[in-house]
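Trainee: I am new to this structure. Could we go through it in questions and answers?

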Amino acid sequence: MTTPVDRVSVALHAQAWNHLPKLARAALWTPGVTWHAQAARVETEPLDADAVARVTAALDARGLRYVLIPTNARRCRFCGCVDAFACDEGCTWLKLTRCSACANRTQPLPTIQLQPEALAS
């Protein structure tokens with residue numbers, strides 16, 4: 001039995017977003033899919049199985065590395081990391097929803113909703 005997946009997370013550093021080639025950025029645009037940028041990842045909102053398949057096919061076609069995030073994944077409430085996609089500097093779990101990289105953080109990192117025109121430009 002496979003674990004249900006409802007998010008796709010792409011390994012992109014926030015500072016690398018503006019340098020991502022247009023064709024690769026365009027691969028992220030899939031009708032009906034909303035992407036968010038937070039910390040070192042660009043991640044979809046929850047998706048159904050068909051949308052996950054469409055998004056991963058587009059990413060595969062462009063050779064972009066991605067991680068499938070299980071529906072019940074443990075997630076840091078400050079940076080959004082999960083077991084399958086830890087912080088760049090590495091991290092461990094301090095609490096149920098706090099990783100070691102966020103030990104001293106008092107506010108979550110900002111999340112930016114990416115519009116289709118931002119994905120394609």
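**Overall layout and one helix**

Trainee: In what order do the elements of the protein run from the N terminus on?
Mentor: This is a predicted model. The protein has 3 helices and 7 strands. From the N terminus on, the order is β-α-β-β-α-β-β-β-β-α.

Trainee: What percentage of the residues of the protein count as buried?
Mentor: A residue is buried when its relative accessible area is under 20%. The chain has 121 residues, and the share of them that counts as buried is 36%.

Trainee: How far apart are the end C-alpha atoms of helix α2?
Mentor: Helix α2 covers residues 49-62, which makes 14 residues. At 1.5 Å a residue, the expected span is 20 Å. The distance in the model agrees with that: the end C-alpha atoms are apart by 20 Å.

Trainee: Which residues of α2 are buried, and why do they line one face of the helix?
Mentor: An α-helix has 3.6 residues a turn, so residues three or four places apart point the same way. In α2, the buried residues are A51, V52, V55, T56 and L59. Seen down the axis of α2, they line one face because they fall within an arc of 125°.

Trainee: Which residues are exposed on the other side of α2?
Mentor: Exposed means a relative accessible area over 50%. On the side of α2 away from the buried residues, the exposed ones are A49, D50 and A61.

Trainee: Which residue has a side-chain oxygen close to the backbone nitrogen of D50, within 3.2 Å?
Mentor: The place to look is the start of α2. There, the backbone nitrogen of D50 is reached to within 3.2 Å by a side-chain oxygen of D48.

Trainee: Which residue follows α2?
Mentor: The residue after the helix has a positive phi, near 70°. That residue is G63.

Trainee: Is T56 buried or exposed?
Mentor: T56 is found in helix α2. Its relative accessible area is 12%, and the cut-off for buried is under 20%. T56 is therefore buried.

Trainee: Which residues does T56 touch, not counting residues up to four places away in sequence?
Mentor: Within the helix, a polar atom of the T56 side chain lies 3.2 Å from the backbone oxygen of A53. Leaving out residues up to four places away in sequence, T56 touches V8, Y66 and L68.

Trainee: Where does T92 lie?
Mentor: Not counting residues up to four places away in sequence, T92 touches R98, C99 and S100. T92 itself lies in the loop between β4 (66-70) and β5 (93-95).

Key. Residues numbered from 1 in each chain as written. Predicted model: local features only at pLDDT ≥ 70, side-chain atom pairs only at ≥ 80, totals over all residues. Heavy atoms only, no water. Helix = DSSP H or I, 4+ residues; strand = E, 2+ residues; numbered from the N terminus. Expected span 1.5 Å × (residues − 1). Buried < 20%, exposed > 50% of the residue type's maximum accessible area, 1.4 Å probe, protein only. Arc of directions from axis to C-beta. Polar contact = N/O pair within 3.5 Å; in protein donor to acceptor, adjacent residues only side chain to side chain. Contact = heavy atoms within 4.5 Å.
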